[in-house]
Amino acid sequence: MLPFARVTIIGLGLIGSSIARAVRVTMPTVRITGYDRDPGVRDTAVRIGLCDDVADSAGAAVIDADLVMLCVPVGAMAAAAADIADDLPADAIVSDVGGSKESVIAALRAVLPHAVLVPGHPVAGTENSGPESGFATLFRGRWCILTPEEGCAEAPVARLRAFWEALGADVELMTPRHHDLVLAVTSHVPHLIAYSIVGTASDLEEVTQSEVIKFSAGGFRDFTRIAASDPTMWRDVFLNNREAVLEILQRLTEDVTMLQRAIRWGDGDTLFDLFTRTRAIRRSIIAQGQDDARPDFGRDHGETAAV
Ligand SMILES: NC(=O)C1=CN([C@@H]2O[C@H](COP(=O)(O)OP(=O)(O)OC[C@H]3O[C@@H](n4cnc5c(N)ncnc54)[C@H](O)[C@@H]3O)[C@@H](O)[C@H]2O)C=CC1
Ligand SMILES: O=C(O)C(=O)Cc1ccc(O)cc1
């Protein structure tokens with residue numbers, strides 16, 4: 001049995017459009033309604049046949065929904081929730097895909113105090129954004145973390161788990177606070193490092209202009225991919241996961257200072273030991289099959305062109 005019969009997606013960018021495509025492929029009888037604040041995005045969604053219906057307002061989109069999935073930048077969650085508040089069916093489950101959780105939950109609760117809320121975060125994405133960049137297999141073999149509030153009933157969590165599993169994701173539960181700390185280490189600070197190193201290279205433009213392009217086949221090229229990620233989305237993530245990001249940045253700063261000292265004093269053992277440890281981490285990730293180089297990951301899936 002399907003976990004939901006009528007799914008509404010608010011925000012039809014990379015993640016919203018990928019959910020729509022994945023639902024089409026994996027649960028073809030589910031009725032998908034979409035809404036986006038940007039009329040151009042709504043037009044594109046109609047043109048590429050992303051949803052069964054694209055509504056003209058957020059309220060009209062949710063009026064008979066079983067599941068409402070908020071797929072907007074985390075700084076826009078409160079506004080998106082306010083737009084659906086008056087028309088949301090009392091028994092509909094509201095979820096989101098925001099990359100930070102504690103502040104998003106607080107913002108959603110302030111606007112939807114009585115809603116059945118099961119927040120989530122699919123740990124899957126790309127540096128691209130917009131409705132045409134999504135693809136149906138984005139969530140396959142990836143984690144989706146659900147962060148229900150204390151005291152949340154089990155049934156809605158189970159239904160949302162079944163939904164994400166149908167899209168191919170592996171589901172794990174965490175407290176919102178723990179989610180935010182884990183993601184600060186594994187995703188948010190790495191993005192900040194990429195933004196920062198690409199910015200530093202660009203500040204040295206006069207020295208590096210040609211070299212940056214010429215030699216960017218190395219690690220720098222990987223940084224430029226990450227640093228091409230959506231500015232609105234990432235600005236919002238850093239402002240909303242402030243405490244955890246600052247905590248991890250403090251620790252990183254101490255570790256970088258330690259490396260600086262090792263380089264200054266010619267302490268090769270310290271460098272070698274760390275690099276040996278980090279190489280083992282990379283190899284264990286590959287051994288667990290959690291690497292993007294796996295053949296069923298990546299961006300060129302047959303399903304991409306299908307919807
Ligand atoms: N991009 C990624 O790799 C991942 C992003 N996420 C999360 O997914 C969410 C969406 O990100 P993307 O799909 O990448 O962004 P996107 O920029 O591709 O799409 C966001 C869409 O939301 C729309 N929007 C903004 N405010 C709105 C409002 N108040 N009402 C209705 N529509 C509104 C925009 O017009 C845009 O079309 C973010 O919260 C982000 O943290 C989660 C996992 C991965
Ligand atoms: O493109 C990449 O390397 C990513 O890290 C994708 C990503 C971006 C944001 C998230 O909240 C989760 C995953």
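**View 1. A184 sits in helix 7, residues 176-203.** Helices here are DSSP runs of H or I, at least four residues, numbered from the N terminus. This is a predicted model, where local features need pLDDT of at least 70, side-chain atom pairs count only at pLDDT 80 or more, and totals for chains, interfaces and linings use all residues. Residues are numbered from 1 along each chain as its sequence is written, with chains lettered from A and ligands numbered from 1 in the order in which they are written. A184 counts as buried because 24 other C-beta atoms lie within 10 Å (the cut-off is 20 or more, with C-beta atoms placed from the backbone). Leaving aside neighbours within four places in sequence, its contacts are V189, N241, A244, V245 and I248 (contact means C-beta atoms within 7 Å).

**View 2. Here's where domain 1 (6-174) meets domain 2 (179-287).** The bounds come from an automatic or database domain assignment. Their C-alpha centres lie 30 Å apart, and 15 residues of domain 1 are in contact with 15 of domain 2. Helix 5 (residues 102-111) supplies the largest share of the domain 1 side, three residues.

**View 3. I10 and V68 touch the most other members of the largest nonpolar core, which has 62 residues.** Such a core is a set of buried Ala, Val, Leu, Ile, Met, Phe, Trp, Tyr and Cys residues joined through C-beta atoms within 7 Å. Helix 1 (residues 14-26) chips in the most, with six residues. Both domains give residues to this core, so it lies between them. Beyond four places in sequence, the contacts of I10 include Y35, A58, V68 and I84.

How values were computed. Helices (H or I, at least four residues) and strands (E, at least two) are DSSP runs, numbered from the N terminus. A residue is buried if 20 or more other C-beta atoms lie within 10 Å of its own, exposed if 12 or fewer, and partly exposed in between; C-beta atoms are placed from the backbone. Two residues are in contact if their C-beta atoms, placed from the backbone, lie within 7 Å.
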